[in-house]
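User: I would like to go through this model and ask, for each label, what justifies it. Please set the values against the cut-offs as you answer.

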Amino acid sequence: MPLALKFFFTIINDTSPIPSHISVYHEQPMTWLLFYLLAVSLYDLRTRRIPNWCTPPLIIAGMIAHFPGSLDLWLACLMLLSAWSSGWMGAGDVKLWIAVLWALPDTNIPSLIILVSICFLLTGIAQVLWRFIRRQTISGIKSPAAWRVIPFLLMYWHVH
C-alpha cells in the first residue's frame with residue numbers, strides 16, 4: 001500500500017467520528033452524581049417529594065450513553081416498576097432509581113439486581129430500626145426514600 005494511503009487511513013482511524021470505545025466516565029467515582037443525589041435526597045426529606053424535572057434529564061443522558069443497556073439493567077428497572085405498581089415505592093423514587101441505574105457506567109460488575117436488592121434490604125432494616133428507636137409504627141408509613149440511592153451508589157463504587 002502506498003505511503004500516502006497508509007497515512008490517510010491512519011488519520012481516518014484516529015479521528016473516526018464513531019470511536020470504538022468511548023470513555024465517558026473518569027477513573028475516579030462520579031462525585032457529581034453523588035452531590036446531585038445528595039441534593040435530591042435532602043429535598044425529598046424536606047418536602048417528601050421528588051420533582052419531575054430532576055429525573056428525566058438523567059434518564060435521557062444515561063440512555064443516550066448506554067443504550068441498549070444490559071439485561072441486568074432492564075431487569076432492575078422492571079423490578080422497580082413492579083415495586084411502584086404494587087404500592088411499595090412512590091413514582092418519584094422509582095424514576096430516581098431508574099435514572100441512577102441508567103447513569104452508571106456500563107461495566108462488568110456483579111448483577112445490578114443483586115446490588116439493588118442488598119441496598120433495599122440494608123436500608124429497609126435501617127429504616128425499621130430507626131422507626132423502632134423513635135417508637136413509631138414500623139409498617140404502613142410512607143416515608144422519603146431518595147436517601148436509599150446514596151448507600152447504593154457507595155456500594156456500586158466499592159464493587160466498581
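User: Why is leucine 122 called partly exposed?

Analyst: This is a predicted model, and in it leucine 122 has a relative accessibility of 49%. Exposed requires over 50% and buried requires under 20%, so leucine 122, at 49%, counts as partly exposed. The residue belongs to helix H6, and its C-alpha atom is 9.3 Å from that of arginine 148, although 26 residues separate the two along the chain.

User: What makes leucine 121 exposed, and where is leucine 121 found?

Analyst: Leucine 121 is found in helix H6 and has a relative accessible area of 53%; because the label exposed calls for over 50%, that value qualifies. Leucine 121 also contributes to a nonpolar surface patch of about 550 Å², made together with Ile125, Leu129, Phe132 and Ile133.

User: How do you know that arginine 148 has no salt bridge?

Analyst: A salt bridge needs a side-chain nitrogen of Lys or Arg within 4 Å of a carboxyl oxygen of Asp or Glu. For arginine 148 the nearest side chain of opposite charge is that of aspartate 93, at 7.7 Å, so the criterion is not met, even though arginine 148 is buried.

User: Which polar contacts does the side chain of arginine 148 make with the side chains of threonine 123 and glutamine 127, and what makes them polar contacts?

Analyst: The side chain of arginine 148 pairs with that of threonine 123 at 2.9 Å and with that of glutamine 127 at 3.3 Å. The distance limit for a polar contact is 3.5 Å, so both pairs satisfy it. Arginine 148 itself sits in the loop between helix H6 (112-133) and helix H7 (149-159). Beyond its neighbours within four places in sequence, arginine 148 is in contact with Trp97, Cys119, Phe120, Thr123, Gly124 and Gln127.

User: What is the corresponding reasoning for aspartate 44, which is buried yet has no salt bridge?

Analyst: The nearest side chain of opposite charge to aspartate 44 is arginine 48, at 7.7 Å, and because a salt bridge must fall within 4 Å, none is assigned. Aspartate 44 lies in helix H2 (residues 31-47). Apart from residues up to four places away in sequence, aspartate 44 touches Arg49, Ile50, Asp93, Pro144, Ala145 and Ala146.

User: Why is arginine 48 called exposed, and what is notable about its phi?

Analyst: The relative accessible area of arginine 48 is 55%, and since exposed means over 50%, the label follows. Arginine 48 is found in the loop between H2 and helix H3 (56-66), and its phi is near 65°, a positive value in a residue other than glycine. Most residues other than glycine have a negative phi.

User: Why is isoleucine 150 called buried?

Analyst: Isoleucine 150 has a relative accessible area of 13%, which lies under the 20% cut-off, so the residue counts as buried. Its place is in helix H7, and, leaving out residues up to four places away in sequence, isoleucine 150 touches Leu34, Leu37, Leu38 and Ser41. For leucine 38, which is 112 residues away along the chain, the C-alpha separation from isoleucine 150 is 7.2 Å.

User: How do leucine 71 and serine 82 fare under those cut-offs?

Analyst: Leucine 71, in helix H4 (residues 71-85), has a relative accessible area of 63% and is therefore exposed, the cut-off being over 50%. Serine 82, whose place is also in helix H4, has 34% relative accessibility, which falls between the 20% and 50% limits, so serine 82 counts as partly exposed. A polar atom of the serine 82 side chain lies 2.7 Å from the backbone oxygen of methionine 79.

User: What does the secondary structure of the protein come to, and what percentage of its residues count as buried?

Analyst: The secondary structure comes to 7 helices and 0 strands, with the elements running α-α-α-α-α-α-α from the N terminus on. Of the 160 residues, 35% count as buried. Among contacts with a separation of 6 or more, 74% come from residues 24 or more positions apart. The accessible surface comes to about 10700 Å², of which 68% belongs to carbon and sulfur atoms.

Notes:
Residues are numbered from 1 along each chain as its sequence is written. This is a predicted model: local features need pLDDT of at least 70, side-chain atom pairs count only at pLDDT 80 or more; totals for chains, interfaces and linings use all residues. Side-chain values use heavy atoms; hydrogens and water are left out. Helices (H or I, at least four residues) and strands (E, at least two) are DSSP runs, numbered from the N terminus. Buried means under 20% relative accessible area, exposed over 50%, partly exposed in between (1.4 Å probe, protein chains only). Lys and Arg count as positive and Asp and Glu as negative; His and the chain ends are not counted. A polar contact is a pair of N or O atoms within 3.5 Å; within protein, one must be able to donate a hydrogen and the other to accept it, and residues adjacent in sequence count only if both atoms are side-chain atoms. Contact means heavy atoms within 4.5 Å. Patches are made of residues with over 30% relative accessible area and no salt bridge: like charges are joined within 9 Å, nonpolar side chains (Val, Leu, Ile, Met, Phe, Trp, Tyr) within 5 Å. Accessible areas come from the Shrake-Rupley method with a 1.4 Å probe; for residues, only the protein chains shown count as cover.
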